[in-house]
Amino acid sequence: MQIRPTIYTRLYRDFLAIEPKNYHAIIRFYEQWEAQIAKLDDDQHYELLFAFTNALFEVGAYRQFLVVVDQAILVSLDESFHKEEAFKQQLFEQLLFRKAAAFIQVIEPAKAEHVVRELLRINPKHALAPLLLQKTLRQQNTSISTLTRAIAILLFGLSALIILIEVLVIRSFYDMYTAPVELSRNLIFIGGLLILGLGEALTHWRAYRYTRRFLDK
């Protein structure tokens, strides 16, 4: 039986010549030849699209990535994408995960939460998606951390003011009060640290609790 060799276009061969991790070169190549790439056969077109999408994410071009990732997601589900179902599912989940991560990077946590929740509905056992969901929630639930940070900054400022008074006045004219003043400013500073830590801990706990409730549904 005669086996016909796979025929590659010149454009596709030029793409294959690019180092797979040379993401900037992949981006430049795709953007330069985008119109011609769209005319390739499906397999070659899709491979370049996925490579371009991956390269945008890897270099941190998150807004550009978000523009093209939906197209890549649709392709990963298309019947014309001739890959094994397990591979297509894995690719689909990776693209969803990266889409949520990109939304976090551009400070759109509500959109990130929506995407990662959809991912967890598809695959509740996804290893990293729960952590990403918690991160989206921490970005949104800032009321406690904002308040505690403001109080902590106020206490740190008060502590600094007491140090200034201690150096300029207390040590020079009221040396007998040095120890109590030192104690008070240290306690105020420690109080600021504790409040700051408490705010962060509460924010993390609320995000964790919400994530567990969502996963337990």
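Let me start with H82, which counts as exposed, at 57% relative accessibility. H82 sits in the loop between helix 5 and helix 6. Keep in mind that this is a predicted model. If you pick out L193 as well, the C-alpha atoms of H82 and L193 are separated by 57 Å. Along the chain those two residues are 111 positions apart.

That distance leads to the overall form. The protein has 10 helices and zero strands. Read from the N terminus, the order of elements is α-α-α-α-α-α-α-α-α-α. The radius of gyration is 27 Å, whereas the globule rule gives 17 Å for 217 residues; the value is well over the rule, so the protein is more spread out than a compact globule. The C-alpha trace spans about 100 × 40 × 25 Å along its principal axes.

A few totals before I go on. Of the 217 residues, 39% count as buried. The exposed area of the protein is about 13800 Å², and 60% of that area is supplied by carbon and sulfur atoms. As for contacts with a separation of 6 or more, 60% of them are between residues 24 or more positions apart.

Now to the N-terminal part, and F29 in helix 2, residues 23–32. Is F29 buried or exposed? F29 counts as buried, because its relative accessibility is 10% and the cut-off is under 20%. Leaving out residues up to four places away in sequence, F29 touches L11, D14, F15, I18, I37 and L48. For a long-range reference, take A152, which is 123 residues from F29 along the chain. The C-alpha atoms of F29 and A152 are separated by 51 Å.

Next, K39. This residue is found in the loop between helix 3, residues 34–37, and helix 4. K39 is exposed, with a relative accessible area of 72%. Its C-alpha atom is separated by 22 Å from that of Y23, and the two residues are 16 apart along the chain.

On to the first helix pair I want to show. Two packed helices are described by the angle between their axes and the distance between the axes. Helix 4 covers residues 42–58 and helix 6 covers residues 85–105. Their axes come within 11 Å and cross at roughly 35 degrees. The crossing of helix 4 past helix 6 is left-handed. Which residues of helix 4 and helix 6 meet there? From helix 4 there are F50, T53, N54, F57 and E58, and from helix 6 there are L91, L95, R98, A101 and A102. Sorted by class, this contact has six nonpolar, two polar and two charged residues.

A102 comes up again with A61. A61 lies in the loop between helix 4 and helix 5, the latter being 62–77. The relative accessible area of A61 is 16%, so A61 is buried. A61 and A102 are 41 residues apart in sequence, and their C-alpha atoms are 8.8 Å apart in space.

Further along the chain is I107, in the loop between helix 6 and helix 7. Its phi is near 60 degrees, a positive value in a residue other than glycine. I107 counts as exposed, at 61% relative accessibility.

After that loop comes the second helix pair. Helix 7, residues 109–122, and helix 10, residues 178–216, have axes that come within 11 Å and cross at roughly 40 degrees. Here helix 7 passes helix 10 in a right-handed crossing. The residues making the contact are E113, R117, L120 and R121 on helix 7, with Y210, F214 and L215 on helix 10. By class, that gives four nonpolar, no polar and three charged residues.

The last residue is Q134, in helix 8, residues 129–140. Is Q134 buried or exposed? Q134 counts as buried, at 13% relative accessibility. What does Q134 touch, residues up to four places away in sequence not counted? The residues are A207, Y208 and T211.

To recap the two pairs: helix 4 passes helix 6 in a left-handed crossing, and helix 7 passes helix 10 in a right-handed one. That is what I have.

Methods: Residues are numbered from 1 along each chain as its sequence is written. This is a predicted model: local features need pLDDT of at least 70, side-chain atom pairs count only at pLDDT 80 or more; totals for chains, interfaces and linings use all residues. Side-chain values use heavy atoms; hydrogens and water are left out. Axes are lines fitted to C-alpha atoms, for helices over the stretch in contact, and angles run from 0 to 180 degrees between N-to-C directions. Helices (H or I, at least four residues) and strands (E, at least two) are DSSP runs, numbered from the N terminus. A crossing is left-handed if the near helix is turned anticlockwise from the far one by less than a right angle, and right-handed if clockwise. Contact means heavy atoms within 4.5 Å. Ala, Val, Leu, Ile, Met, Phe, Trp, Tyr, Cys and Pro count as nonpolar, Asp, Glu, Lys and Arg as charged, and the others, Gly among them, as polar. The radius of gyration is taken over C-alpha atoms; the globule rule is 2.2 Å times the number of residues to the power 0.38. Buried means under 20% relative accessible area, exposed over 50%, partly exposed in between (1.4 Å probe, protein chains only). Accessible areas come from the Shrake-Rupley method with a 1.4 Å probe; for residues, only the protein chains shown count as cover.
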